[in-house]
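Me: Please take a close look at one loop of this chain, with the rest of the fold as its setting. A connected account would serve better than a list.

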Amino acid sequence: MTEIDTKTDALVPAWLTLPDIAEQLDVEVTRVRQLVKEGQLIAVRRGENRALHVPAAFIDEDKVVKGLTGTLTLLRDNGFTDEEMIEWLFTPDPSLPGTPAQALSENRGTEVKRRAQALAV
């Protein structure tokens, strides 16, 4: 797991710990850890105790935001680190408008994936 810098940390408006996500998804913490291990979520170490945190925008009530996993796969295939993926997802993109993370939460995943695919060109 990556420890992120303060600049990237400041881009993300809210964070959740793995136990918080487990409670929201109504699963065991080990299942959330598996989602991270499988690349369906990104968890980074932050805060004083360096606990694992996931951007809150990645969770939609009781599930992972639709389109996130595919977007993370595209970014990873383009050589992005976890920190770079978070930075890209939470940096405003005037062509969307908003951030890619906002677009995913608004069910505009196709637009986000197009932009992620264009990074490979």
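Reply: Helices, of at least four residues, and strands, of at least two, are taken here as DSSP runs and numbered from the N terminus. With those names in hand, Pro97 can be placed in the loop between H5 and H6. The model is a predicted one, and what follows should be read accordingly.

The loop is noteworthy for its backbone. Leu96 and Pro97 are joined by a cis peptide bond, with omega at about -15 degrees. Most peptide bonds are trans, and most residues other than glycine have a negative phi. Thr99 belongs to the loop between H5 and H6 as well. Is Thr99 buried or exposed? Its relative accessible area is 9%, and because the limit for burial is under 20%, Thr99 counts as buried. Setting aside residues up to four places away in sequence, Thr99 touches Leu89, Phe90, Thr91, Pro92 and Asp93.

One of those partners leads from the loop to the interior. Leu89 is, together with Leu41, Phe58 and Leu68, one of the residues that touch the most other members of the largest nonpolar core, which has 35 residues. The elements that supply two or more residues to this core include helix H5 (82-89) and helix H6 (100-105), as well as strand E2 (15-17), helix H2 (18-25), helix H3 (29-37), strand E4 (51-55), helix H4 (68-77) and helix H7 (109-118). In soluble globular proteins, nonpolar side chains tend to be buried together. Leu41 illustrates how such a core is knitted: beyond its neighbours within four places in sequence, Leu41 is in contact with Val32, Leu35, Val36, Val54, Phe58, Ile59, Val64, Leu68 and Leu72. Phe58 and Leu68 thus appear among the contacts of Leu41, and both also rank with Leu41 among the residues touching the most other core members.

Helix H4 shows how parts of the chain that are distant in sequence come together. Leu74 lies in helix H4. Apart from residues up to four places away, Leu74 touches Lys113, Ala116 and Gln117. Between Leu74 and Arg115 there are 10.0 Å from C-alpha to C-alpha, although the two are 41 residues apart in sequence. Arg76 is in helix H4 too, and its C-alpha atom is 10.0 Å from that of Ala116, 40 residues away in sequence. The contacts of Arg76, leaving aside neighbours within four places, are Gly39, Ile42, Asp82 and Met85. Arg76 has a relative accessible area of 32%, so this residue is partly exposed.

Helix H2 offers a comparable case, for Gln24 is found there. At a relative accessible area of 32%, Gln24 is partly exposed. Gln24 touches Leu16, Ile59, Glu61 and Asp62, not counting residues up to four places away. The C-alpha atoms of Gln24 and Ile59 are separated by 8.4 Å, with their positions 35 residues apart along the chain.

Glu61, one of the residues touched by Gln24, brings the account back to unusual backbone geometry. Glu61 has a positive phi of about 55 degrees although it is not a glycine. Glu61 sits in the loop between strand E5 (59-60) and strand E6 (63-64) and is exposed, with 64% relative accessible area. Arg50, also not a glycine, has a positive phi of about 55 degrees. The place of Arg50 is the loop between strand E3 (44-46) and E4, and Arg50 counts as partly exposed at 39% relative accessibility.

The whole chain completes the setting. There are seven helices and six strands, and their order along the sequence is β-α-β-α-α-β-β-β-β-α-α-α-α. For 121 residues, a compact globule would have a radius of gyration near 14 Å, and the chain, at 14 Å, agrees with this. Its C-alpha atoms fill a box of roughly 35 × 30 × 25 Å along the principal axes. Buried residues make up 39% of the chain. Of the contacts between residues at least 6 apart in sequence, 58% join residues at least 24 apart. The accessible surface comes to about 6,700 Å², with 48% belonging to carbon and sulfur atoms. As for charge, the chain carries 14 positive and 20 negative side chains, and the centres of these two sets lie 5 Å apart.

Methods
Residues are numbered from 1 along each chain as its sequence is written. This is a predicted model: local features need pLDDT of at least 70, side-chain atom pairs count only at pLDDT 80 or more; totals for chains, interfaces and linings use all residues. Side-chain values use heavy atoms; hydrogens and water are left out. A nonpolar core is a set of buried Ala, Val, Leu, Ile, Met, Phe, Trp, Tyr and Cys residues joined through side-chain atoms within 4.5 Å. Buried means under 20% relative accessible area, exposed over 50%, partly exposed in between (1.4 Å probe, protein chains only). Contact means heavy atoms within 4.5 Å. The radius of gyration is taken over C-alpha atoms; the globule rule is 2.2 Å times the number of residues to the power 0.38. Accessible areas come from the Shrake-Rupley method with a 1.4 Å probe; for residues, only the protein chains shown count as cover. Lys and Arg count as positive and Asp and Glu as negative; His and the chain ends are not counted. The place of a charge is taken as NZ of Lys, CZ of Arg, CG of Asp or CD of Glu.
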